[in-house]
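I open this notebook to set down what I looked up in one structure. The entries follow the order in which I made them.

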Amino acid sequence: MDVFLETFLNWRIVQEAWPILWQGFQATLLLSALVVPLGLAGGVMIALLSTATTPWVRWPLRVWVDTFRALPPLVLLVFIFAGLPFIGLDVGAWGAVAIGFFLNTGAYYGEILRAGIESVPRGQIEAARSTGLTRGQAMAYIVLPQAVRNVLPDLISNTLEVVKLTSIASVVALPELLFQARQAQSVTYNATPIMAAAVAYFVLLWPVVRLLSRLENRQLAGRR
Amino acid sequence: MSPAPIVDARAIHKHFGHLHVLRGVDLQVAEKELVFLIGPSGSGKSTLLRCLNRLEEPSAGSVTVDGIDMLDPRTDINKARQRIGMVFQSFNLYPHMTALGNVALALRKVQGLPRADAEAKAQAALERVHLADRADHYPAQLSGGQQQRVAIARAIALEPRVMLFDEPTSALDPELVGGVLAVMRELREDGMTMVVVSHEMGFARAAADRVVFMADGLIVETGPPGEIFANPQHERTRAFISQIERH
């Protein structure tokens with residue numbers, strides 16, 4: 001039992017590793033604040049393009065979305081980080097993560113938002129257009145607000161996944177929380193930093209999880 | 001119809017794939033006239049109505065409303081549509097906005113009025129449909145009849161020259177129909193030009209200047225309500241009227 005506590009829940013180690021872990025936690029926050037908006041922006045673009053009726057837009061878009069949903073994000077990230085320099089584009093760790101998440105996360109957000117847009121009845125657009133609103137105005141003021149509201153739990157759920165997924169940035173040596181925890185682990189020969197990182201993720205995400213389940217309950221209640 | 005008609009649709013055809021829904025329809029409506037479009041479902045009356053503000057693109061023909069060629073690609077359709085109010089069977093109120101917000105939206109975003117002016121105008125429109133006290137209610141908090149009256153307010157707030165009604169009472173419980181018809185009657189008394197697709201025969205008798213009977217994408221006959229209902233000239237009309245009357 002003592003060995004277990006010594007190895008996994010060692011308060012002294014936590015104190016020693018704290019500066020490194022704190023840096024990692026901040027980097028993870030920053031990373032999330034970068035990739036979530038990027039993914040959302042990509043998602044909105046994809047969702048708007050998917051309302052186009054011409055096959056010249058729809059087909060390439062389909063291929064794009066399918067590709068980046070099927071490709072494992074880790075592979076995508078390594079490919080961008082290690083592959084792009086060969087064609088003369090060295091984007092660095094942060095750049096690679098930004099591009100990778102824009103492509104991968106954007107595809108997921110895009111599919112969610114597209115489902116949201118399709119859930120808004122056609123009559124809404126017709127009513128808006130009949131009063132003289134343009135296509136773009138009808139989309140901005142009538143369709144998108146309802147679309148987002150209809151798929152809010154899915155958007156939040158995906159955002160949780162995205163924040164957790166930021167840990168893959170460790171493979172390109174970006175010093176986020178998991179990367180820092182493993183550094184600390186290898187310096188201290190102790191697993192406690194990993195446990196500390198798990199607690200940090202929990203503290204970060206648990207409020208969002210609570211919010212999500214409240215929203216889901218409310219939607220279920222609203223459906224009655 | 002001595003002066004130029006305010007709505008002038010000529011030789012309208014509409015195809016949906018291989019379905020030929022409108023097969024050469026002419027419809028002229030004079031200023032301040034109330035025209036009723038009736039006919040069995042699938043006769044094309046709703047499609048004709050939707051061609052008038054180009055929610056539906058006619059496959060052939062011409063549509064002029066208040067002197068504006070609606071089908072000319074150079075026409076600013078969004079500007080033209082402000083002169084043509086439309087009310088839908090399923091109300092189509094924006095559920096995420098209050099009644100006032102629903103009415104004020106186009107005033108602000110299309111006509112560019114400052115928020116306060118738009119809301120004052122929207123409030124006046126709600127007053128005309130007797131819902132001034134429901135301004136801050138969301139559609140889900142209103143009855144079907146109230147929702148439809150808000151939808152009418154949304155249309156008349158833009159001060160249109162013509163109002164189109166697409167089965168405005170079909171989705172309502174019977175006890176809520178009266179309130180909507182009363183508002184429509186008041187609009188008529190204020191001199192609004194109206195084209196109404198509806199099966200409210202009592203209302204047609206009392207308020208319509210002219211009834212147009214359509215079947216199979218064509219206008220079969222047209223005349224004052226008294227004549228159409230009491231003495232229809234065509235067999236199709238007679239069959240339809242007697243079927244409606246039985247209910």
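**Entry 1. Enclosed spaces**

How many cavities of 30 Å³ or more does a search of the whole structure find? I note at the outset that the model is a predicted one. The search of the whole structure returned two cavities of 30 Å³ or more.

I took the largest cavity before the other. The space in the largest cavity comes to about 40 Å³. I listed its lining as A:Pro73, A:Leu77, A:Val97, A:Gly100, A:Phe101, A:Asn104, A:Thr105, A:Leu165 and A:Ile168. Two elements of chain A, helix H4 (73-83) and helix H5 (92-118), each give two or more residues to this lining. H5(A) gives the most, with five residues. I then sorted the lining of the largest cavity by class and found six nonpolar residues, three polar residues and no charged residues.

**Entry 2. The second largest cavity**

I turned next to the second largest cavity, which holds about 30 Å³ of space. Which residues line the second largest cavity? From chain A, I recorded A:Ser130 and A:Thr131. From chain B, I recorded B:Arg81, B:Gln82, B:Ile84, B:Gly85, B:Met86, B:Arg154, B:Ala155 and B:Leu158. In chain B, strand S6 (84-87) and helix H5 (144-156) each supply at least two residues of this lining. S6(B) gives the most, with three residues. By class, the lining of the second largest cavity divides into four nonpolar, four polar and two charged residues.

**Entry 3. The largest pocket**

I then looked up the open spaces. How much space lies in the largest pocket? I read a value of about 550 Å³ for the largest pocket. The pocket is lined by 21 residues, of which A:Thr51, A:Arg122, A:Ile125, A:Arg135 and A:Met139 are the closest to its centre. In chain A, H5, helix H6 (122-130) and helix H7 (135-150) are the elements that give two or more residues to the lining of the pocket. The largest share, five residues, comes from H7(A). I counted the lining of the largest pocket by class as nine nonpolar, three polar and nine charged residues.

**Entry 4. A nonpolar patch on the surface**

Which residues make the nonpolar surface patch of about 580 Å²? I wrote down A:Met1, A:Phe4, A:Leu5, A:Phe8, A:Leu9 and A:Met195. Helix H1 (residues 2-8) of chain A gives the most to this patch, with three residues. A:Met195 belongs to helix H10 (residues 192-223) of chain A. I checked the cover of A:Met195: the residue counts as partly exposed because its relative accessibility is 36%, and the partly exposed class runs from 20% to 50%.

**Entry 5. Positive phi values in chain B**

Last, I looked up backbone angles. B:Ala11 has a phi near 50 degrees, which is a positive value in a residue other than glycine. I placed B:Ala11 in strand S1 (residues 7-16) of chain B. With a relative accessible area of 38%, B:Ala11 is partly exposed.

Where does B:Lys32 lie? I found B:Lys32 in the loop between strand S2 (19-29) and strand S3 (34-38) of chain B. The phi of B:Lys32 is near 65 degrees, again positive in a residue other than glycine. B:Lys32 counts as exposed because its relative accessibility is 52%, and exposed means over 50%.

How values were computed:
Residues are numbered from 1 along each chain as its sequence is written. Chains are lettered from A and ligands numbered from 1 in the order in which they are written. This is a predicted model: local features need pLDDT of at least 70, side-chain atom pairs count only at pLDDT 80 or more; totals for chains, interfaces and linings use all residues. Side-chain values use heavy atoms; hydrogens and water are left out. Patches are made of residues with over 30% relative accessible area and no salt bridge: like charges are joined within 9 Å, nonpolar side chains (Val, Leu, Ile, Met, Phe, Trp, Tyr) within 5 Å. Accessible areas come from the Shrake-Rupley method with a 1.4 Å probe; for residues, only the protein chains shown count as cover. A salt bridge is a side-chain nitrogen of Lys or Arg within 4 Å of a carboxyl oxygen of Asp or Glu. Helices (H or I, at least four residues) and strands (E, at least two) are DSSP runs, numbered from the N terminus. Buried means under 20% relative accessible area, exposed over 50%, partly exposed in between (1.4 Å probe, protein chains only). On a 1 Å grid over the protein atoms alone, a cavity is a set of points where a 1.4 Å probe fits but cannot get out, and a pocket is an open set with protein on both sides within 12 Å along at least five of seven lines; lining residues have an atom within 4 Å of a point. Grid points are joined across faces, edges and corners, and a volume is the space filled by probe spheres set on the points. Ala, Val, Leu, Ile, Met, Phe, Trp, Tyr, Cys and Pro count as nonpolar, Asp, Glu, Lys and Arg as charged, and the others, Gly among them, as polar.
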